[in-house]
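Please open the structure in a viewer and keep the sequence at hand. The stops below proceed by selection, each followed by a description of what is found there.

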Amino acid sequence: HNVVVVRIRTGTDNMPHNMAALVVISMATLSYFFYLGFKSGAKIEMSAKTLPPTHKIKTSLLRSSARNDGGSSNRDPPFIDIDDANIPDCAKDVFVELQNEAGGDRACRGLLIRDDIIVTSKECSSFNFTFDFAPLGNIKAWPHAALNSDIRMADSRLGFLEANPPHHHYFVDVPARRTRVFLSLRSGHGNGTAALITCEDNRPIAHNFPVGGETVPIEQIKGVVPADILWEHTDIHTAPTLSYRSQQWWTRRISRKDEEDTFRRMIDRYGGPPGSISLPKAHSKFVSRASALCEAIDPRGHRWASCFDNYFVRWQEEDPFSGTRFFDWMDFGNGKFLLERDRVEHFLPKAMSRDEQCDKEHLRFKKVLYFTNEQRALHEIYMTPSMDGTELVARYKHNDEPVPETMEDDPHLYMWDLDERFYVVDDAFNGEGMMLKHSGLIAGRPALSGGKAYFGKHGVIWGINFSSGHYRPKIGAVTMMYSWMKDRMGFNTTAMRWIGRTSWSEEDCGKTDWDEFDIPGYEDAAMLERSCREVTQSPTWIRAEDV
C-alpha cells in the first residue's frame, strides 16, 4: 500500500498550507476506499451518458464489475457482468459464463455463436476456461489459435475461445456443428443505444459484445468466422429451425437440388469401379440408390436401408420445401414427426411396404453393425487346398482356426472386397444387439462379390452363393471369383459348389459387356467371358432360388 505523509503546521500564517494538506488527505482517503471497493468486486452502475455516443449500453442489460487486475490503467476490465435477468429468453443459452480453469477470481463471459466457437474479450481469449454446455454439463474452452491469429483481429478488442463438444453429426467424414445465434452488421438502432442481443421470432441476434464498459460491434468478426456462421442480413428469414429436446439451432437454407446433387456425389463415391458391386449400383432409380446409401452415411448409426425409402420420398415431396438437408429434416426438422407410433395418420399409404416396421420407434433399434477395421480383420480368411486337392479349406488369418461348420439352412455371410480379401462372419457372432448385413461387414464399401457360404467340418467349403439383398451381385461377380480361384490361385474349381441365381444362365455370358470392367486383374474381356462360360457349364454349377 502507498503511504502518504502530510505535515500539519500550527499558527494562523500556516492556514493555506494546512488547507492544501487536508485536500491531499481527503483525496488519499477517497482513493483508498475506491481501492477497497474495486478489490472486493463491488458493482458500480454505469450511466450510458459516460460512454461514447455511438457505443452506449442499455444499462438494464449491462453492469460492469471492475476488479483490480494489477495491470496498467489502459487494460480492459477482465469481467463484464451481463445481467442475466434481462437477457432475452431466446438467448439464455447463448451467453455463457466462463470459469477460470486454473482457479482464482478471474471470470469472463462469452457468446456461444457455434457449439465450438465462443466470442469474448481479447484479454479473456488468452486463458483456459470451463463453461456449462447444456445438456452435457461443464466442458473446456481454450484460446482459438486459428481465429485469434487472423490479421483482421490484430486491433480488435474481441477474441475467440474454442471448445470441442460432440459434433452435431458427421456426414460421411465431414463434421457438422450447430450454429446457435445470428450475427448482425447493425450495432445500433438509431435511438442512441446499442443493444447486445435482440430476438426475432425467438431467434437470437447478436449486435455487440461488451468489453471494458463499452460495446464492440459484432460486425468486426465478419470474414474471420467460418462461412457456415449465420448473419442477420442474409439468413434470419430463411434459415430452417432445428431442434432436439430443449435445444434449438439453425442452419443455412439449401435448395432441394443442392441436396440431391450431394447425394449424387456420394453415390459416385460409393459406386466403385465398373464391374464391382456396391450399395447404389444394386438399384436403378435415384430414390432407391439414395435410400440404400443412407444406411452407410447415416450420422445416427447406420439405420436399416430398407426404411429410408419411406422418409426420402416424403422429403422430396415436401411442399413448401423447408430448405433442410435430408438427415436434419428427418431427425430434427419437419420430418421428425413422420411415422411416429402415436401419429398413425402420418403413415405412408399401405401400398408401401414395411411402414409399421419403419416407424421411428422401431427404426431407432433397426441398426446395422458396421465393422471397424480391427473388427473386420478378425473375420478375414484364407483358403488352401486339401492334401488330395479335392477340397478347399478356409481358416481365419488371425488365429489359423477353421471356419465353423454351418447348418444347411443357415450359411455364413461373406464379402470379397476390391483387394481380393475374403471376410466371413459365422452365425454365432455377437452383433452387439445390431443386425448383421453384408453392408456392415465392409462398412458400405464396394466389393467384388458378396453372398453366403456353406461350410462343412474342419472349415471345408461346401459351396458359395451370390445372394445379397444389399449388393445384388450379377453374373460378373461369380465370373471374377471363378477366374481368381482357377487362374490366380490354382485351385480346383470343382472342389465346391457354385450356386448361381435361378435367373442366371450361360446366355448371360454373351450379353454382359465385359469391356466395361475396370478392375485391376480383370480387364481382359475375353478371359472374363471364357470364365463365365466355364463356371456356368461346370459340373458343380447349381442354381437356387434368390434369397
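Select strand β20 (residues 380-385) together with strand β23 (residues 422-425): the two run antiparallel and are joined by 2 bridges. Within this pair, I381 has F422 of β23 as its bridge partner. The model shown is a predicted one.

Next, extend the selection to the sheet around this pair. It is an open sheet of 8 strands with mixed pairing, in the order β21-β20-β23-β22-β24-β25-β26-β27. At its edges stand β21 (392-396) and β27 (541-544); each has a single partner strand, so one side of each is left without a neighbour in the sheet. From one strand to the next, the twist averages 35 degrees.

Now add helix α11 (residues 475-488). This helix lies across β20, β21, β22 (412-417), β23, β24 (447-455), β25 (461-465), β26 (497-501) and β27, and its direction makes an angle of about 75 degrees with β22. Its length can be checked in the viewer: at 1.5 Å a residue, 14 residues should span 20 Å, and the end C-alpha atoms of α11 are 19 Å apart, which agrees.

Is α11 largely enclosed or left open by the rest of the structure? Of its 14 residues, 11 are buried, so the helix is largely enclosed. The buried residues of α11 include I475, G476, A477 and V478, and also M480, M481, W484 and M485. Just after the helix, select G490, which takes a positive phi of about 75 degrees.

Then display the side chains between the helix and the sheet.
The largest nonpolar core has 40 residues, of which I464, F466, M481, M485 and W498 touch the most other members. Two or more residues each come from β20, β21, β22, β23, β24, β25, α11 and α13 (525-536). The greatest contribution is that of α11, with 8 residues. Centre the view on M481: leaving aside residues up to four places away in sequence, M481 touches Y414, W416, F422, S449, I464, F466 and W498. F422 thus appears both as a contact of M481 and as the bridge partner of I381. Apart from this core lies another, of 38 residues, among them I277, W304, M330 and Y423.

Move next to strand β7 (residues 129-133). Of its 5 residues, 4 are buried, so this strand is largely enclosed by the rest of the structure. Which strands pair with β7? One is β4 (residues 95-100), which runs antiparallel to β7 and is joined to it by 2 bridges; here T130 of β7 is the bridge partner of Q99. Another is β8 (residues 137-143), also antiparallel, with 5 bridges to β7. In that pairing, F131 has I139 of β8 as its bridge partner. The connection from β7 to β8 is a hairpin through 3 residues.

Finally, return to the whole chain. Its secondary structure comprises 13 helices and 27 strands. Of its 547 residues, 48% count as buried. Among contacts with a separation of 6 or more, 61% are between residues 24 or more positions apart. With the surface displayed, the chain exposes about 27,200 Å², of which carbon and sulfur atoms supply 51%.

Definitions and conventions:
Residues numbered from 1 in each chain as written. Predicted model: local features only at pLDDT ≥ 70, side-chain atom pairs only at ≥ 80, totals over all residues. Heavy atoms only, no water. Buried < 20%, exposed > 50% of the residue type's maximum accessible area, 1.4 Å probe, protein only. Pairing = 2+ DSSP bridges. Expected span 1.5 Å × (residues − 1). Contact = heavy atoms within 4.5 Å. Areas by Shrake-Rupley, 256 points an atom, 1.4 Å probe, with all protein chains shown as cover. Axes fitted to C-alpha atoms, helices over the stretch in contact; angles between N-to-C directions. Core = buried A, V, L, I, M, F, W, Y, C linked by side-chain atoms within 4.5 Å.
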